[in-house]
Amino acid sequence: MDRWIGYYDERAETGSWAERRAAQIEKFQRLLPRAARGAPAVRRRLTDAGLDPEAPISVDVLSRLPVTRKGELMEVQKSDPPFGGFLAVPSGELKRIYVSPGPVYDPLGRNLDDRRSETTLFAAGVRPGDVVQNCFLYHLTPFGLYFDDALGNMGCPVVPAGVGNTDLQARIMRDLSVKAFIGTPSFLKTILDKVVEDGFDPRVDLQIETAVVGAEMLPESLRAEIEDLAAMKVIQAFGTGDVGLVGHECPRQKGYHLFDELIIEIVDPDTGAEVGYGAPGEMVVTSLNETYPVIRLGIGDLVVVEDDPCPCGRTSPRLTRILGRIDMLTKVRGQFIHPANVARLVGLFDEAARGRAVVDRQGHQDTFVLEMVLAPGAAPGDELKDRIEAAARDVFRLRAEVAFVDGAGVEADGPAIVDRRKWD
Ligand SMILES: [Zn+2]
């Protein structure tokens with residue numbers, strides 16, 4: 001059996017994107033009037049934007065509705081408890097109510113036609129009959145049960161292992177010939193390290209072949225380490241408690257294929273205007289969910305989505321880069337800069353040990369200085385300065401001035417961006 005080929009639903013995953021998008025818009029147009037009838041918050045958003053909730057709806061209305069930031073959900077729910085007025089069915093019809101940190105309550109309907117987790121598991125090589133060790137939390141938060149339900153539908157025996165108990169987890173993985181792990185990548189590494197510590201060779205003594213990981217950043221170095229240690233593949237899933245899974249990697253590991261169950265806009269965090277494929281912007285998600293229609297939720301991640309074809313044959317656009325959180329953004333001369341890009345710039349130069357961006361104000365102009373600490377043996381000079389400034393223009397799309405400073409001024413674990421502007 002080759003677990004790295006095939007699709008869970010070939011037509012849905014490989015059909016033309018234009019047709020899939022049209023079906024998505026059609027579903028949105030059907031859903032929104034119904035959501036407006038059931039959910040007062042949806043109705044209010046439409047009327048506030050000057051729209052008639054009873055009239056036929058076009059997808060263009062989305063851009064006229066406000067973006068709710070993930071951080072605001074708690075307040076929205078508090079002002080109209082418990083679901084902020086977004087629940088479109090009577091609460092007695094719910095299957096579960098998850099509780100995310102905050103607390104934020106995330107309701108789950110009973111009759112959900114949602115194959116996102118099955119699609120993710122299949123793309124990660126999980127096949128019927130595989131014994132799966134599910135190490136996501138089972139209580140309060142959604143992903144433990146979310147994948148458990150899906151594995152049941154697929155015909156995979158599940159070990160509902162949850163988090164913790166590393167000794168036992170390592171034992172389970174060996175004794176039960178576990179084929180797939182589900183959970184956080186750091187916990188998978190902890191279990192594999194324990195297997196080694198117990199005197200076993202994961203490549204020989206484990207049957208594990210794949211993992212679906214999520215809920216934390218996975219550095220490529222850690223992925224390579226795990227894949228090598230246990231001769232397995234590690235596939236990432238991306239999602240949030242409020243809207244569920246947003247996308248999944250395929251065996252080619254070229255970004256997250258986005259799901260049709262969500263309308264995903266990538267917008268300028270400042271103006272709300274769509275930025276298009278290939279440009280960084282904030283991910284704004286509208287969930288085509290009849291129970292809990294979350295409309296334009298800004299999940300706070302600064303991302304890049306691309307639509308070039310993936311060699312796996314799936315046709316959806318892909319989330320190819322997660323650049324960081326938008327609440328860490330600083331705006332300089334109208335352009336957003338992100339701490340991750342400071343690190344990226346430093347990484348481009350062997351001569352640079354570390355650096356930070358200092359933003360200040362001179363008259364009515366922003367100044368943008370990159371303070372660079374050089375690596376031992378590297379010599380400061382105009383040629384190096386010119387090269388870094390040229391690279392900075394590419395990275396930040398801004399003119400920056402480079403200043404070489406000695407190490408004492410820039411702490412290694414200090415902030416990547418220092419904003420000295422005063423606005424009073
Ligand atoms: Zn792919």
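Two strands pair if DSSP finds at least two bridges between them. Helices (H or I, at least four residues) and strands (E, at least two) are DSSP runs, numbered from the N terminus. Keep both ideas at hand for this tour.

Before you click, note that residues are numbered from 1 along each chain as its sequence is written. The model is predicted, so local features need pLDDT of at least 70 and side-chain atom pairs count only at pLDDT 80 or more, while totals for chains, interfaces and linings use all residues.

**Stop 1: a hairpin**

Select residues 352-362, strand S17, and then residues 365-374, strand S18. S17 and S18 form a hairpin with two residues between them. Which residue in the turn has a positive phi? Click on glycine 363: its phi is about 65°. The two strands are antiparallel and share ten bridges. To see one pair, select arginine 356 and its bridge partner in S18, glutamate 371.

**Stop 2: the whole sheet**

Now add strand S19 (401-404) and strand S20 (417-419). You have an open sheet of four strands in the order S19-S18-S17-S20, and its pairing is mixed. S19 and S20 are the edge strands, each pairing on one side only. From one strand to the next, the twist averages 25°.

Look at the other two pairings as well. S18 runs parallel to S19, with four bridges, and methionine 372 has phenylalanine 404 in S19 as its bridge partner. S17 and S20 are also joined in parallel, by three bridges. Select alanine 357 to find isoleucine 417 of S20 opposite.

**Stop 3: the helix across the sheet**

Select residues 339-347, helix H11. H11 lies across S17 and S20 and runs at about 135° to S17. Axes here are lines fitted to C-alpha atoms, for helices over the stretch in contact, and angles run from 0 to 180 degrees between N-to-C directions.

Which residues of H11 are buried? Select Asn341, Val342 and Leu345. A residue is buried if 20 or more other C-beta atoms lie within 10 Å of its own, exposed if 12 or fewer, and partly exposed in between, with C-beta atoms placed from the backbone. Those three residues sit on the same side of H11, because they cover an arc of only 110° around the axis; the arc is that of the directions from the helix axis to the C-beta atoms. Among the elements covering them are strand S16 (335-337), S17, helix H12 (382-396) and S20.

**Stop 4: two domains**

Colour residues 1-325 as domain 1 and residues 330-419 as domain 2, following the domain assignment of the chain. Such bounds come from an automatic or database domain assignment. The centres of the two domains, taken over C-alpha atoms, are separated by 35 Å. How many residues of domain 1 are in contact with domain 2? Four residues of domain 1 touch four residues of domain 2, where contact means that C-beta atoms, placed from the backbone, lie within 7 Å.

**Stop 5: the nonpolar cores**

A nonpolar core is a set of buried Ala, Val, Leu, Ile, Met, Phe, Trp, Tyr and Cys residues joined through C-beta atoms within 7 Å. Select Ile182, Ala211 and Val285: of the 84 residues in the largest core, these touch the most other members. Helix H6 (residues 143-154) gives this core its largest share, six residues. Another core, of 16 residues, lies apart from it and includes Val342, Ala357, Ala392 and Ala400.

Zoom in on alanine 211. Leaving aside neighbours within four places in sequence, its contacts are Ala180, Phe181, Ile182, Leu188, Met232, Val234 and Ile235.

**Stop 6: unusual backbone spots**

Most residues other than glycine have a negative phi, and most peptide bonds are trans. Here are three places to compare with that.

- Select leucine 140, in the loop between strand S4 (132-134) and H6. Its phi is positive, about 65°, although it is not a glycine. Leucine 140 is partly exposed, with 14 other C-beta atoms within 10 Å.
- Select alanine 215, in the loop between strand S7 (210-213) and helix H10 (220-230). Its phi is also positive, near 75°. Is alanine 215 buried or exposed? It is buried, with 20 other C-beta atoms within 10 Å.
- Select proline 81 and proline 82, which are joined by a cis peptide bond with omega of about -5°. Proline 82 is in the loop between helix H4 (73-79) and S2.

Methods: Two residues are in contact if their C-beta atoms, placed from the backbone, lie within 7 Å.
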